Amino acid sequence: MKVLLLKDPKDKDSGPDPYIKELGLCGFEATSIPVLSFEFISLESLFEKLSHPECYGGLVFTSPRALEAIKLCLKENSKNEAWLKSLKQRWNTKPVYVVGKATASLVEEIGLTPQGEKSGNAEKLAEYICSREKSDSSALLFPCGALKREVLPTALREKGIPLESLTVYQTTQHTDLQEALRSYFSQQGVPASVAFFSPSGVKFCLQHIQKLSGDFINHIKFAAIGPTTAEALEAAGISVSCTAESPTPQDLAAGIQKVLHLQNC
């Protein structure tokens with residue numbers, strides 16, 4: 001059975017894509033198609049803020065892309081030297097809150113220690129932060145995307161916990177998306193399941209998938225990586241067959257396996 005993953009394939013240099021690998025162990029033939037392109041912005045402003053850890057109570061990351069922005073900053077020798085010499089150590093005296101494992105591993109790559117990675121979504125991460133922060137503390141620095149949801153900022157604001165957001169990337173449709181989808185459906189046919197990984201993916205892909213599937217659209221089991229993505233699908237009139245219990249390859253594979261009634265996972 002074929003599964004279409006609407007996500008960027010993992011960098012080949014870092015081994016096999018964990019989602020494709022996990023679904024393969026369940027007997028599925030999975031393919032990923034890149035959906036999004038990212039434009040990084042305000043990097044000078046980002047590093048300026050990172051250069052003053054004394055002004056902040058900690059960091060918040062809800063997207064791997066925000067870490068990519070920091071990595072881009074640190075490609076410059078002088079900035080990387082400053083980071084390694086003192087900034088990394090100073091930030092490590094403060095909490096670094098993250099929403100999931102993928103973001104946590106990128107935080108570790110830049111030498112920081114993440115916490116809250118089991119949260120899995122913005123709502124639960126907000127609860128986690130609110131249980132640890134006080135309203136009179138310094139602001140948490142939140143590098144984020146232009147399309148960020150307001151769930152976390154709103155929850156923290158209601159508890160009086162200061163948060164300073166900085167938009168460091170913008171999300172656009174991948175230039176090859178339409179052609180890649182057309183090619184997939186013409187060569188492999190209609191998949192048994194399609195997994196969405198973001199509300200942006202729903203926005204950019206769903207219409208094309210509906211058109212390419214035609215009358216077979218009702219045969220597809222639609223899967224979501226989390227509740228936010230599931231809500232976006234349902235708002236678009238799509239019945240969601242499964243939502244991963246947490247945003248991991250194992251949980252997504254288990255959910256798809258269950259709705260497609262495969263027993264060998």
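Hi everyone. Let me open with a question: at 9% relative accessibility, does Lys 79 count as buried or exposed? Lys 79 counts as buried. Keep that residue in mind, and remember as we go that this is a predicted model.

My topic today is salt bridges, and the structure holds eleven of them. I'll walk you through a few.

Let's stay with Lys 79 for a moment. This lysine pairs with Glu 76, and their closest N and O atoms are 3.6 Å apart. Glu 76 counts as partly exposed, at 40% relative accessibility, whereas Lys 79 is the buried partner. There is also a third member here: Glu 44 joins Glu 76 and Lys 79 in a network of salt bridges.

Next, please look at Lys 2. Its salt-bridge partner is Glu 29, with 3.8 Å between the closest N and O atoms. This pair links distant parts of the chain, 27 residues apart: Lys 2 belongs to strand S1, residues 2-6, and Glu 29 to strand S2, residues 29-32. Lys 2 is partly exposed, with a relative accessible area of 25%, and Glu 29 is partly exposed too, with 44%.

Now for my last pair, Glu 54 and Arg 90, whose closest N and O atoms are 2.7 Å apart. Glu 54 sits in the loop between helix H2 (43-50) and strand S4 (58-61), while Arg 90 is in helix H4 (residues 77-91), so this salt bridge ties together parts that are 36 residues apart in sequence. Glu 54 counts as partly exposed at 46% relative accessibility, and Arg 90 counts as partly exposed at 34%.

Thanks for listening, everyone!

Technical notes
Residues numbered from 1 in each chain as written. Predicted model: local features only at pLDDT ≥ 70, side-chain atom pairs only at ≥ 80, totals over all residues. Heavy atoms only, no water. Salt bridge = Lys/Arg side-chain N within 4 Å of Asp/Glu carboxyl O. Helix = DSSP H or I, 4+ residues; strand = E, 2+ residues; numbered from the N terminus. Buried < 20%, exposed > 50% of the residue type's maximum accessible area, 1.4 Å probe, protein only.
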